[in-house]
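Here are some notes on the model you sent, set out as numbered points. They follow the order in which I would go through the structure on screen.

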Amino acid sequence: MKLGYPCINRSIGCTANKKFRLVSYSEQKLIDTVSNNMDCLSRILEYNLKNDLLFFRISSETIPFASHPICEFDWVGHFSPKRREIGQFVKESNMRISMHPDQFILLNSPDGNVTQRSIAELEYHCSLLDAMGLDSSAKVQIHMGGIYKDKKKAILRFVERYEGLDERIKKRLVIENDDRLYGLEDCLEVSGACNIPVIFDSFHHECLNKGEDILSAISDATATWGEKDGMAMVDYSSQQPGGRMGKHATFLDVGLFRDFLESADGFDIDIMLEIKDKEKSALKAIGIAKELGRL
DNA sequence: CCATGTCAAGGTCAC
DNA sequence: GTGACCTTGACATGG
């Protein structure tokens with residue numbers, strides 16, 4: 001089992017998701033920004049290794065505007081030594097990497113332009129992971145997308161479009177249950193239709209479910225991961241006390257996480273802690289996992 | 001220097 | 001039909 005956190009580290013004084021406005025785009029600005037992001041990513045990964053945090057989500061903003069038509073720069077070529085160095089570090093340290101394109105990525109949109117832009121964005125994500133030399137266990141997770149007033153058709157459209165994707169995207173893509181539209185059951189149905197792994201989000205499942213308990217949910221999701229996919233990934237969070245239903249917690253609730261780990265006992269999974277204070281909570285989680293003998 | 005409006009991208013829901 | 005919200009940080013401008 002590996003534990004980790006997404007994209008941002010607030011302890012080491014740099015950010016790996018620096019960006020700029022489209023209006024101020026220039027090749028030099030892109031190069032400077034990406035250099036900064038890559039250097040900081042190295043530092044984050046070094047911090048993570050020292051702290052037994054072997055799972056990390058790389059920010060989608062690592063290469064700003066990578067899939068935008070304005071960007072014609074050969075970033076794969078230009079940053080070749082640095083990204084290979086990072087990839088090497090990841091492999092030597094036995095780390096696990098994921099990425100999570102944001103809400104605009106909608107494979108099943110009825111609007112073909114939206115789908116095309118989404119695929120371009122997926123290509124960028126996969127290119128970055130490819131360029132680091134990571135195998136197919138480094139995943140790119142997305143949600144199912146919208147409903148568009150006809151869920152059955154929207155699901156069929158997803159399956160159809162997924163099947164039409166290049167193998168280099170398919171081997172990395174996984175779907176995650178969301179908190180409003182597509183629950184675990186829907187994701188499992190899609191997985192059955194096109195063999196895509198399901199990444200289980202425990203908090204979204206609390207918000208939207210068909211009454212499945214945590215154990216069977218993790219069991220069903222885990223079963224969709226094949227040998228080449230690596231260990232099943234799980235996203236963990238909990239409700240922010242006093243916050244709107246669905247709001248992620250600011251701090252890790254240690255008791256809840258301990259319960260979660262105990263209920264997931266027996267499953268070899270990699271857990272991403274989607275808690276707002278990032279590495280601080282991840283460190284607490286490491287402590288709990290060690291206490292329970294899970295690490 | 002600080003406060004605040006805004007940022008590539010879509011979709012759902014409440015009103 | 002319109003606007004708030006998702007989730008959220010940080011860029012960039014204007015005082």
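1. A residue is taken as near a DNA strand if one of its heavy atoms lies within 4 Å of that strand. On this basis the residues around DNA strand C are Arg10, Thr15, Lys18, Lys19, Phe20, Arg21, Ser24, Gln103, Asp179, Arg244, Gly246 and Lys276. The model is a predicted one, and every point below should be read with that in mind.

2. By class, the protein surface near DNA strand C comprises 7 charged, 4 polar and 1 nonpolar residues. Of the strand C atoms within 4 Å of the protein, 78% are sugar or phosphate atoms, and the rest belong to bases.

3. Three side chains can be singled out at DNA strand C. Arg10 places a polar side-chain atom 3.4 Å from a phosphate oxygen of the strand. For Ser24, an N or O atom of the side chain is 3.0 Å from a phosphate oxygen of DNA strand C. Arg21 addresses a base: a side-chain N or O atom of Arg21 is 2.3 Å from a base oxygen of DNA strand C.

4. DNA strand B has 16 residues around it, and the closest are Arg21, Leu22, Ser109, Ile147 and Tyr148. The surface near this strand has 7 nonpolar, 5 polar and 4 charged residues. Sugar or phosphate accounts for 55% of the DNA strand B atoms within 4 Å of the protein, with bases making up the rest. Arg21 therefore deserves a look at both strands, since one of its heavy atoms must lie within 4 Å of a strand for it to be listed there, and it is listed for strand B as well as for strand C.

5. Which atoms of Leu22 approach a phosphate oxygen of DNA strand B, backbone or side chain? It is a backbone N or O atom of Leu22, at 2.6 Å. Ser109 uses a polar side-chain atom, which lies 3.0 Å from a phosphate oxygen of DNA strand B. The side chain of Tyr148 has an N or O atom 2.8 Å from a phosphate oxygen of the strand.

6. The fold contains a closed barrel of 8 strands in the order β1-β2-β3-β4-β5-β6-β7-β8, paired in parallel. On average, neighbouring strands of this sheet are turned by 30° against each other, direction ignored. Helix α4 (residues 112-131) packs on the sheet and touches β2 (55-58), β3, β4 and β5 (173-176), with its direction at about 155° to that of β4.

7. Strands β3 (residues 96-99) and β4 (residues 139-142) are joined in the parallel sense by 2 bridges. Ser98 has Lys139 of β4 as its bridge partner. In a regular strand, side chains alternate between the two faces of the sheet. In β4, Lys139 and Gln141 point one way and Val140 and Ile142 the other, and all are buried.

8. Met272 sits in strand β8 (residues 269-273). Its relative accessibility is 0%, so Met272 counts as buried. Beyond its neighbours within four places in sequence, Met272 is in contact with Gly4, Tyr5, Pro6, Phe55, Phe56, Arg57, Ser98, Val234, Asp235 and Tyr236. Ile119, 153 residues from Met272 along the chain, has its C-alpha atom 25 Å from that of Met272.

9. Ser202 belongs to helix α8 (residues 202-207). With a relative accessible area of 3%, Ser202 is buried. Leaving out residues up to four places away in sequence, Ser202 touches Ile214, Asp235, Tyr236, Ser237 and Phe260.

10. Is Gly192 buried or exposed? This residue of helix α7 (residues 184-194) has a relative accessible area of 68%; because the cut-off for exposed is over 50%, Gly192 is exposed. The C-alpha atoms of Gly192 and Thr224 are 8.3 Å apart, with the two positions 32 residues apart in sequence numbering.

11. Two residues other than glycine should be checked for backbone geometry. Asn94, in the loop between α3 (80-92) and β3, has a positive phi near 60° and is partly exposed at 48% relative accessible area. Lys149, in the loop between β4 and α5 (151-163), has a positive phi of about 70° and is exposed at 86% relative accessibility.

Methods: Residues are numbered from 1 along each chain as its sequence is written. Chains are lettered from A and ligands numbered from 1 in the order in which they are written. This is a predicted model: local features need pLDDT of at least 70, side-chain atom pairs count only at pLDDT 80 or more; totals for chains, interfaces and linings use all residues. Side-chain values use heavy atoms; hydrogens and water are left out. Two strands pair if DSSP finds at least two bridges between them. Helices (H or I, at least four residues) and strands (E, at least two) are DSSP runs, numbered from the N terminus. Axes are lines fitted to C-alpha atoms, for helices over the stretch in contact, and angles run from 0 to 180 degrees between N-to-C directions. Contact means heavy atoms within 4.5 Å. A polar contact is a pair of N or O atoms within 3.5 Å; within protein, one must be able to donate a hydrogen and the other to accept it, and residues adjacent in sequence count only if both atoms are side-chain atoms. Ala, Val, Leu, Ile, Met, Phe, Trp, Tyr, Cys and Pro count as nonpolar, Asp, Glu, Lys and Arg as charged, and the others, Gly among them, as polar. Buried means under 20% relative accessible area, exposed over 50%, partly exposed in between (1.4 Å probe, protein chains only).
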